[in-house]
Structure formats: C-alpha cells, structure tokens
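I opened a fresh page today to look at helix packing and charged pairs. Come along if you like reading over a colleague's shoulder.

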Amino acid sequence: MTQWGKGMLGVTAGLMLAGCASQGNVAANPQDPWEGFNRKVFAFNQVLDRYAIKPAAQGYNFITPQPVQKGVGNFFSNLGEVSTILNSALQWKWGNAGVASGRFLMNTTLGLAGFLDPATDFGLTEHEEDFGQTLAAWGVGEGPYVVLPLLGGRTLRHAGGLPADWYVDPVTYVEEDSTRYGIRALDVINYRASVLDEEALIQGDRYSFLRDTYLQRRRFEVNDGETGKDPFATDDFDFESGDFAE
C-alpha cells in the first residue's frame with residue numbers, strides 16, 4: 001500500500017506482527033516519554049476506528065471478493081514502489097532501487113496497472129523503503145514514540161519522514177479532489193479489511209501492545225531484517241505461572 005495508507009492505518013499498527021509481541025503486562029517503555037499525551041490521542045484514534053473505519057472495512061470485506069481485495073492491495077503496493085525507488089537511491093541501495101524499478105515496470109504493464117503481481121512470480125521480491133528509513137541511514141536518531149491524530153503511532157524520525165513520502169506518492173497529484181480522497185479511502189479500507197482477523201491476537205493493554213509491536217517491526221524494517229533490541233524487554237521482567245495459562 002502507499003505511505004498514506006500505512007499512515008492512516010496507524011490506528012491499528014502492529015496487527016500483522018501481533019503474534020511476535022509479549023503477552024500480559026509490560027513495563028513502561030523508555031522510548032515513550034510522552035505516554036500520557038499519546039494515550040489520549042490513541043483513545044481518539046480508537047474511537048475513529050471503532051465507529052468509522054472498522055465498520056466500513058467489515059462492510060467492504062463482506063461485499064468484495066478476496067481476489068478483488070488482493071488486486072486492490074497489489075495496485076497500491078505498486079504505487080508505493082515509486083517511494084521505494086527514490087529512497088533506495090538516497091540510501092545508496094542501488095540493488096533494491098533496481099528491483100523496485102523492475103517491479104514497477106513489470107507490474108504496471110504486464111500486471112494491468114499493478115492489480116496483478118507478476119514481478120513476485122518472476123523473483124523480484126518487494127522490499128519497501130520510506131523516507132524515515134532514509135533518515136535512519138543518514139544517521140538521524142529514531143527519537144521518542146509519538147501518536148499522531150488519525151495517523152497513529154510513529155517514532156519521531158518516522159513521523160518526520162511522512163511529508164516527503166506523501167510528496168512522492170503518485171496519488172498526491174490526482175487533481176480532482178473527490179477522486180483523490182476516494183482513492184485514499186479505498187487504500188485505507190482495503191488494508192483495514194485485510195487485518196480484521198489479526199485483531200483477535202491483541203493481548204493485554206491495547207496501547208502498549210500496539211506500541212511495542214510497532215517499535216519491533218519498525219526496527220526490523222530500518223535494520224533491513226536484522227532484529228534489533230527488543231523494545232519491551234527489561235532486565236527485571238518477571239514471569240508468573242499464570243502468564244502461560246491457556
């Protein structure tokens with residue numbers, strides 16, 4: 001999906017890696033010094049999701065066949081290759097820039113504007129790069145965790161890269177406002193529908209769970225797949241027998 005779509009789905013960030021996060025209570029995270037403020041914004045975002053985005057996604061999921069949903073997801077992922085090409089080049093990752101260019105050309109032509117994904121079948125594996133990752137490659141620290149209205153949780157570095165990502169998003173340049181907003185909404189709702197089932201995997205405090213899974217996933221992305229320090233592990237973390245009960 002496009003960077004805008006991923007930003008809007010910050011209200012449910014972490015769902016796709018929910019199985020990797022700890023269960024039960026978690027200690028205060030030193031990466032979250034603004035937790036009091038963040039929880040208030042998080043509550044607002046959850047209300048928005050509960051009463052608007054999620055019901056729309058459920059209705060969309062009910063009436064839209066899975067092959068169509070997959071095609072829509074492929075379309076937005078193909079648009080996201082533009083950002084990956086540019087950010088890979090800015091990070092001097094010329095191999096990934098070439099792969100992303102090949103994916104974009106192949107999927108746009110043979111893949112019917114990106115609704116199909118022949119590039120993956122051909123062996124060109126998607127590896128997304130955004131401007132937040134570029135800032136990391138340039139030595140900018142990740143900064144504290146912050147929850148943005150509508151856009152959800154981000155590190156300060158990731159949030160700082162969003163304007164650049166939106167600038168290179170092809171949807172930004174659709175002139176007709178109603179068409180552009182409609183495309184944005186479809187991106188968000190299609191992705192939200194794709195993670196409806198994963199929501200059941202959330203355990204314990206929802207805010208902490210989603211924050212910690214986001215931080216884990218984000219560091220994995222920034223480090224190109226190398227596991228970084230576990231953001232919710234502490235030296236004095238104690239397990240109780242009940243933590244592992246069925």
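My entries below go through a helix pair first and then the salt bridges.

**Entry 1: the model.** I am working with a predicted model, so I keep that in mind throughout.

**Entry 2: helix 3 and helix 8.** I looked up how helix 3 (residues 66-90) and helix 8 (residues 177-194) meet. Their axes come within 10 Å and cross at roughly 125°. Because of that angle, I note helix 3 as oblique to helix 8. The crossing itself is left-handed.

Next I asked which residues make the contact. From helix 3 I wrote down Q69, V72, G73 and F76. Helix 8 brings I183, L186, D187, N190 and A193. Sorted by character, the residues of this contact give 5 nonpolar, 3 polar and 1 charged.

**Entry 3: salt bridges overall.** How many salt bridges does a search of the whole structure find? I got 18. One network caught my eye: D32, E35, R39, D205, R211 and D212 are linked by salt bridges.

**Entry 4: R192 and D49.** Staying with helix 8, I checked R192, which forms a salt bridge with D49. Their closest N and O atoms are 2.9 Å apart. This pair links distant parts of the chain, with R192 in helix 8 and D49 in helix 2 (residues 35-63), 143 residues apart. Buried or exposed, I wondered about R192 and D49? Both R192 and D49 turn out to be buried.

**Entry 5: R218.** I found R218 in helix 9 (residues 206-222). Why does R218 count as buried? Its relative accessibility is 4%, and the cut-off for buried is under 20%.

Leaving aside neighbours within four places in sequence, I list D130, G132, Q133 and H158 as the contacts of R218. With D130, R218 also forms a salt bridge, the closest N and O atoms being 2.8 Å apart. Here too distant parts of the chain are linked: D130 sits in the loop between helix 5 (118-121) and helix 6 (131-137), while R218 is in helix 9, 88 residues apart. D130 has a relative accessible area of 3%, so I mark D130 as buried.

**Entry 6: R218 again, within its helix.** R218 forms a salt bridge with E221 as well, and there the closest N and O atoms are 3.2 Å apart. Both residues lie in helix 9, 3 residues apart, about one turn of the helix. E221 is at 28% relative accessibility, so I put E221 down as partly exposed.

Methods. Residues numbered from 1 in each chain as written. Predicted model: local features only at pLDDT ≥ 70, side-chain atom pairs only at ≥ 80, totals over all residues. Heavy atoms only, no water. Axes fitted to C-alpha atoms, helices over the stretch in contact; angles between N-to-C directions. Helix = DSSP H or I, 4+ residues; strand = E, 2+ residues; numbered from the N terminus. Parallel < 35°, antiparallel > 145°, perpendicular 65-115°, else oblique. Left-handed = near helix turned anticlockwise from the far one by under 90°. Contact = heavy atoms within 4.5 Å. Nonpolar A, V, L, I, M, F, W, Y, C, P; charged D, E, K, R; others polar. Buried < 20%, exposed > 50% of the residue type's maximum accessible area, 1.4 Å probe, protein only. Salt bridge = Lys/Arg side-chain N within 4 Å of Asp/Glu carboxyl O.
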